[in-house]
Amino acid sequence: RRHAADALISSAAELRGLLTSMRDVALVIDRDGVYREIAPTNPDLLYKPSDQLLGMNITDVFPAEQAGMYLEAVRQVLKTKQPSEIEYSLVIQGHTFWFQTTISPLTEDRTLWVARNVTERKHMTVALHESEQRYRSLFENMIDGIYRSTSDGRFVDINPAMVKMFGYSSREEMLAVDIKKDL
């Protein structure tokens, strides 16, 4: 009995250590959208302190339309017994955070939500998109002819000024040209 008690204490300590080292948020949410358990993983990424969040409903945290979608996702996961992924934003202490969340079936009426903070990735994606838009605008509107090509002599991209300089009627027509042979 003593050996079993020591093993249980040791196992619980290992589990606490594992949970506190995780950077993801782990939540147990039931089929009605009620927060039933919150693992002590990353309290800074919780909407409210865990003792206040326990017993709250998804509808208390998210806008009605969003909450409805998440409740439907919970019910679908419980019905199919298959995990599902969602991405969402949440304002926490005045800052918007983005989460990529895996919802997995845990019991007949409870799901496990593991939410990973992807805010930095989201910001990088937005910055990349904005950079691409700036590049595309410059490329399309420059008066100088610009093109990109492969090493074997095929055009990859051509701006309108280049098409006009060479007298082609369309970008598509010039894209079909073999640079090494035809130019």
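Begin by selecting the five strands of the open sheet in this predicted model, which follow the order β2-β1-β5-β4-β3 and pair in an antiparallel way. At the edges you will find β2 (35–38) and β3 (84–92), each of which pairs on one side only. As you rotate the view, compare the directions of neighbouring strands, which are turned by 30 degrees against each other on average when direction is ignored.

Next, keep β3 and β4 on screen, since these antiparallel strands are joined by 9 bridges. To see one of these pairings, select serine 84, whose bridge partner in β4 is isoleucine 103. Then add helix α5 (residues 119–141), which packs on the sheet and touches β3, β4 and β5, its direction making about 115 degrees with that of β4.

Now move to aspartate 109, which sits in the loop between β4 (95–105) and β5 (110–117). Is this residue buried, partly exposed or exposed? Aspartate 109 counts as partly exposed, because its relative accessibility is 36%, and the partly exposed class lies between 20% and 50%. Leaving aside residues up to four places away in sequence, aspartate 109 touches Ile29, Asp30, Arg31 and Leu78. If you also select arginine 75, which is 34 residues apart from aspartate 109 along the chain, you will find their C-alpha atoms separated by 8.6 Å.

Finally, select phenylalanine 166, which belongs to helix α6 (residues 160–166) and is partly exposed, with a relative accessible area of 41%. Add Met165 and Leu183 to the selection, and you will have the three residues that, with Phe166 included, make a nonpolar surface patch of about 320 Å².

Terms used:
Residues are numbered from 1 along each chain as its sequence is written. This is a predicted model: local features need pLDDT of at least 70, side-chain atom pairs count only at pLDDT 80 or more; totals for chains, interfaces and linings use all residues. Side-chain values use heavy atoms; hydrogens and water are left out. Helices (H or I, at least four residues) and strands (E, at least two) are DSSP runs, numbered from the N terminus. Buried means under 20% relative accessible area, exposed over 50%, partly exposed in between (1.4 Å probe, protein chains only). Contact means heavy atoms within 4.5 Å. Patches are made of residues with over 30% relative accessible area and no salt bridge: like charges are joined within 9 Å, nonpolar side chains (Val, Leu, Ile, Met, Phe, Trp, Tyr) within 5 Å. Accessible areas come from the Shrake-Rupley method with a 1.4 Å probe; for residues, only the protein chains shown count as cover. A salt bridge is a side-chain nitrogen of Lys or Arg within 4 Å of a carboxyl oxygen of Asp or Glu. Two strands pair if DSSP finds at least two bridges between them. Axes are lines fitted to C-alpha atoms, for helices over the stretch in contact, and angles run from 0 to 180 degrees between N-to-C directions.
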